[in-house]
Amino acid sequence: MSGREPTPDPAESSGLHRIAIGATVGLAAGIVGLVTPVLLLLIAAYDPDWIRLSARQLIQVTAVLAIAGALLFAISLLGYRYGFSSLRKVDRRFWLASVLCMLGSVGLLLIILPIAYALASSDTMASCIQGAPTRTPECLRSAAPLASYLAVAGFWLLWLGGLGVVVGLALASLRYRQAWLTAGAALYGVIVLGLVAPALSLLLPVGGLAYPLLALPVLVLAAPAVTSRGSHRAMRTT
């Protein structure tokens, strides 16, 4: 016996490192693209004296932040995808997670188009929303049906991407026996479920379907933070 410890598989180290990068970028995306816009809209709705912006300017600011956040989310999903692709070399089950994450990145790019429309028609959107952020899907559907259909397609592709993250993290948690990765998979699973109602609200004129969006900011921060910690802990054991 040589007494040497087994050499870590480079594919595993690379995969976990890329997952950690995807989680870190996802955390930044959540802050920029979801948490900040939701906070601005809620403050404007319940305490407008804190924000010295007109309704039109507020829509423009939140649309720009949402576009930046969507781009960061797309990069985050690419990080997850490349991470799962690396792990696929040691465990073929990761192929499904990799493909789903790629679809999610495409979905986020489709979502940018309706956001850009909201930026271009900020006066119309502002008068429709009237301080109620949960009316955004309804207003987009009435103002631009084509844009709302693109948003629906983007939402469902994003949903598949989120499902890919859940599948990939669940597999990683089983492989490396990391409770933090299990928690990350569970939190992303809640996010995936929470996206179903807002997506339906773009098609169905049913009040209240968009309310789950208000709970997403906390989850969008917690899920990547927990995942990043789990990835780093798993790297130390490979």
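**Figure 1. Helix α7 of the predicted model, viewed from end to end.** Helix α7 covers residues 179-194, and because each of its 16 residues is expected to add 1.5 Å, the helix should span 22 Å; its end C-alpha atoms lie 23 Å apart, which agrees with that expectation. Along this helix, the buried residues are L181, G184, A185, Y188, G189, I191, V192 and G194. In an α-helix there are 3.6 residues a turn, so residues three or four places apart point the same way.

**Figure 2. The whole protein chain, shown as the setting for the close-up views.** The protein chain contains nine helices and zero strands, and reading along the sequence gives the pattern α-α-α-α-α-α-α-α-α. Of the 238 residues in the protein chain, 47% are buried, while the accessible surface of the chain amounts to about 11,800 Å², with carbon and sulfur atoms accounting for 68% of it. When contacts between residues at least 6 apart in sequence are considered, 79% of them join residues that are at least 24 apart.

**Figure 3. The loop between α6 and α7, with R177 in view.** R177 belongs to the loop between α6 and α7, and this residue has a positive phi of about 50° although it is not a glycine. Most residues other than glycine have a negative phi. With a relative accessible area of 74%, R177 counts as exposed because this value is over the 50% cut-off.

**Figure 4. The surroundings of S173 in helix α6.** S173 is part of helix α6, which runs over residues 145-176, and its relative accessible area of 8% is under the 20% cut-off, so S173 counts as buried. Once its neighbours within four places in sequence are left aside, S173 is in contact with Q178, L181 and T182. With one of these residues, T182, the side chain of S173 also forms a polar contact of 3.5 Å. L181, another of the residues in contact with S173, is among the buried residues of α7.

**Figure 5. The salt bridge between E12 and R175.** The count of salt bridges comes to two, and in one of them the side chains of E12 and R175 meet at 3.0 Å, taken from N to O. This pair links distant parts of the chain, since E12 lies in helix α1 (residues 10-46) and R175 in helix α6, with their positions 163 residues apart in the sequence numbering. The two partners are covered to unlike degrees: E12 is buried, with a relative accessible area of 13%, whereas R175 is partly exposed, with a relative accessibility of 34%.

**Figure 6. The salt bridge between R93 and D91.** Here the side chains of R93 and D91 meet in a salt bridge with an N to O distance of 2.8 Å. R93 is partly exposed at 48% relative accessibility, whereas D91 is buried at 11%.

**Figure 7. A nonpolar surface patch that includes M102.** W95, L96, V99 and M102 together make a nonpolar patch of about 340 Å² on the surface. One of these residues, M102, is found in helix α3, which covers residues 94-120. M102 has a relative accessible area of 34%, which lies between the 20% and 50% cut-offs, and therefore M102 is classed as partly exposed.

Definitions and conventions:
Residues numbered from 1 in each chain as written. Predicted model: local features only at pLDDT ≥ 70, side-chain atom pairs only at ≥ 80, totals over all residues. Heavy atoms only, no water. Helix = DSSP H or I, 4+ residues; strand = E, 2+ residues; numbered from the N terminus. Expected span 1.5 Å × (residues − 1). Buried < 20%, exposed > 50% of the residue type's maximum accessible area, 1.4 Å probe, protein only. Contact = heavy atoms within 4.5 Å. Areas by Shrake-Rupley, 256 points an atom, 1.4 Å probe, with all protein chains shown as cover. Patch = residues over 30% accessible without salt bridge, like charges linked within 9 Å, V, L, I, M, F, W, Y side chains within 5 Å. Salt bridge = Lys/Arg side-chain N within 4 Å of Asp/Glu carboxyl O. Polar contact = N/O pair within 3.5 Å; in protein donor to acceptor, adjacent residues only side chain to side chain.
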